[in-house]
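Here are a few exercises on how two protein chains meet. Have your viewer open and try each one before reading on.

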2 protein chains.
Amino acid sequence: MDVIDVRFPTSRSLDGSDAMNPDPDYSAAYVVLHADDGREGHGFTFTIGRGNDICCAAIETLSEYVIGADVDGPAALGDLYRRLTHDSQIRWLGPEKGVMHLAAAALVNAAWDLAARRAGLPLWKYLSGLTPEEIVACVDWRYLTDALTPEAALAILREAEEGKAERIAEIERDGYPAYTTSPGWLGYDDEKVVRLAREAVAEGYTQIKLKVGADLEDDRRRFAAARSAVGPGIRIAVDANQRWDVDQAVEWTKALAEFDPWWIEEPTSPDDVLGHAAIRKRLAPIKVATGEHVHNRVMFKQLLQAGAIDFLQLDAARVAGVNENLAILLLAKHFGVPVCPHAGGVGLCELVCHLSMFDYTSVSATMDDRVIEYVDHLHEHFTAPTVIENGRYRAPTEPGFSAEMKRDSLIRFSYPHGPEWRSN
Amino acid sequence: MDVIDVRFPTSRSLDGSDAMNPDPDYSAAYVVLHADDGREGHGFTFTIGRGNDICCAAIETLSEYVIGADVDGPAALGDLYRRLTHDSQIRWLGPEKGVMHLAAAALVNAAWDLAARRAGLPLWKYLSGLTPEEIVACVDWRYLTDALTPEAALAILREAEEGKAERIAEIERDGYPAYTTSPGWLGYDDEKVVRLAREAVAEGYTQIKLKVGADLEDDRRRFAAARSAVGPGIRIAVDANQRWDVDQAVEWTKALAEFDPWWIEEPTSPDDVLGHAAIRKRLAPIKVATGEHVHNRVMFKQLLQAGAIDFLQLDAARVAGVNENLAILLLAKHFGVPVCPHAGGVGLCELVCHLSMFDYTSVSATMDDRVIEYVDHLHEHFTAPTVIENGRYRAPTEPGFSAEMKRDSLIRFSYPHGPEWRSN
């Protein structure tokens, strides 16, 4: 197993800037599993700079569960996931949240990458080929059964068996709808926002996203400019990145209502289930979305139970990887809430499209109101980068989870000794 | 600043064993701040073994905010706390949860220790001498104002000004009530449970606690034995350490009801606000307690808003130290829920009694149904250890937060190179 601290100096150009994260350096705590057969499994957790080394150290601490482990097939991957998240001593540091959970995500995802490569399939297709029983056995049902039982999950998956082959063919032919956040970073001036918003529409996107929450008058001006640039037919979501308290979220969002926001994302603390529920109730019909910082399936369960969200934005590496995201997809389907994954950062687009495509083939069986976030940064560092055509993700075709970074990038951006960091 | 990984091999005797933590090695990620005036500030976060090194590394990462910082007075301590919890890049790893938050707790508590030492006062008395305005300025109000505003908090604190001098004198004379968990560890046999329960009553305790949740028949037998050993007049709390799902928590606790449990503690995931609310509703009049794993003030806010708990069990070093616990004490008072801190581990008794005593002098102004957990392990390693007399915590008199471990203990149990670990 190799662990690499990879950081990209994105703060130099204000790419990724928002109301809570003014100067992120998009980073990955990156892991490579080396299997006996010579194959590799790649995985990572995404961070925005400082503390990426702590995640790398946490991955090292968890390595005892991975080295020598069997990762062949969903049963083995389910066992590995449970061991990684239930070490009785390490669990004290969470449980199932923060640094240790991010580290578990990197390892779980690397193990699935390896398993899918061995099967010779892209992960979404590998998952789509598993039986309902195999999927259900991948999930840790602890703390979920008051909302969804394994039996009810089996029924969901069995129902979706019908038409699956057609949906797989459809994904391979047409891909999956995307929206883009690239025009809307808070550090961009109005002219750049307008230009990028127009380009997005010209490229086929039907939804874009703007960052808001630092200054209301700035937000109104930028939103107005973006709206008049793209016209009324394009969905514009806004994203406050946790900036507000409950009352402020309601007031601020209402002050943007005239520009027709499609959703308000992360209006307040990601921990605040009841706050999101209150905001949603008071803002209806404006929709509420959250998830990129929601730390585990128990929190998603409650957001759904409380009717707190209109869109569930899972993250590929915030929760403990593929296994925990399978639980989240099943919960979302059970509660009838569309999953619109968080992406961007580094490599998150590459990962989440596999999960949404599996959701379509095998869980929700619909793309209605579902879109995957897309941000056009840092894809050049991946060996099988995301391909967008006409505002849609193309289906990955390479075996694995698309998590592999190029060797040159791993060396150049390794922190703190890689050439990109030494020279600055 | 020094950071020391201290671990005690408690797993060898099954002290501290429960349904989720079969073999803890009580540990501290320990920090010493060295001030210009030659004084020191001591703080730590408690863990149960593996991963303690990750917390130490996280403390090192946060050191840039502490080294050179002003810690004189509550305003400076409020600024330090906010800087430690709001680094825009590190915040991504939480926010305000898990390893990075545990690390912030150690540093915040060390800074308060230093400030109280400089004032020549034990922390509880130093806090009791601050004005309502100073206390309110120590709190990070973000995400709280839908439940409690700074103005409402000020009103609480001003009301408690009356009679404060008398309550301080009372604390100094009579101390604060304790309960003991020492009889109830899951790894102990029935004979030991009965013997220790009888001893506890003989020592003046009016409440003890038993660990439950691994095996129902074992629980019933042990509970019956303990109940007949102590009689009906002693409160016996039971603690499941997060073992159950919602339905199971209700069924299992009902199966123990005939032995008259005073509260059921941690019946399910500490993240599950709605789950606790459902359990409390279905179990009434049996009371529900939680808090040792509740990771921040936003979660406590919701537990209170949802009516999910009868007792709030704050932890001195799970949330970000004194500052965040001030918010939690104010929230608990606002919602009328008694605070009964989590303690035990290593050094938690030493810390939490300061917070409960301040709660009595300056916030809730009552001890009704309030007790501080006590476990008689590892106090011998502290320079100003907890003193219990007749089932009550004596008021600490030494300046500071009572967090300082003896130099000999720090050396002997430092991990992995200390003599206690090298020889095993």
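The exercises below work through the interface of chain A and chain B in this predicted model.

**Exercise 1.** Work out how much area chain B and chain A bury between them, and which residues of chain B supply the most.

*Solution.* Start with the contacts: 63 residues of chain B touch 63 residues of chain A. Next, the area: the two chains bury about 5200 Å² between them, with 54% of it on carbon and sulfur atoms. Finally, look at who pays in: Arg50(B), Gln89(B) and Trp92(B) supply 18% of the area that chain B buries against chain A, more than any other three residues.

**Exercise 2.** Go through the polar side of the interface, then find which helix of chain B gives the most residues to it.

*Solution.* First, count salt bridges between the chains: there are 6. One to pull up is Asp271(B) with Lys97(A), where the closest N and O atoms sit 3.0 Å apart. Then add the polar contacts, 38 residue pairs across the interface. As for the helix, helix 1 of chain B gives the most, with 7 residues. By class, chain B's side has 27 nonpolar, 19 polar and 17 charged residues.

**Exercise 3.** Find the operation that lays chain B on chain A.

*Solution.* Superpose the copies: a turn of 180° with a shift of 0.0 Å along the axis gives an RMSD of 0.0 Å. The copies are therefore related as by a two-fold rotation axis. To locate that axis, go to Gly98(B), whose C-alpha comes closest of chain B's residues, at 2.2 Å. Last check: 100% of the interface residues of chain B are also interface residues in chain A, so the copies meet through the same surface.

Definitions and conventions. Residues are numbered from 1 along each chain as its sequence is written. Chains are lettered from A and ligands numbered from 1 in the order in which they are written. This is a predicted model: local features need pLDDT of at least 70, side-chain atom pairs count only at pLDDT 80 or more; totals for chains, interfaces and linings use all residues. Side-chain values use heavy atoms; hydrogens and water are left out. Contact means heavy atoms within 4.5 Å. Buried area is the accessible area (1.4 Å probe) that two parts lose on being put together, summed over both. A salt bridge is a side-chain nitrogen of Lys or Arg within 4 Å of a carboxyl oxygen of Asp or Glu. A polar contact is a pair of N or O atoms within 3.5 Å; within protein, one must be able to donate a hydrogen and the other to accept it, and residues adjacent in sequence count only if both atoms are side-chain atoms. Helices (H or I, at least four residues) and strands (E, at least two) are DSSP runs, numbered from the N terminus. Ala, Val, Leu, Ile, Met, Phe, Trp, Tyr, Cys and Pro count as nonpolar, Asp, Glu, Lys and Arg as charged, and the others, Gly among them, as polar. Copies are superposed by least squares on the C-alpha atoms of residues with pLDDT of at least 70 in both.
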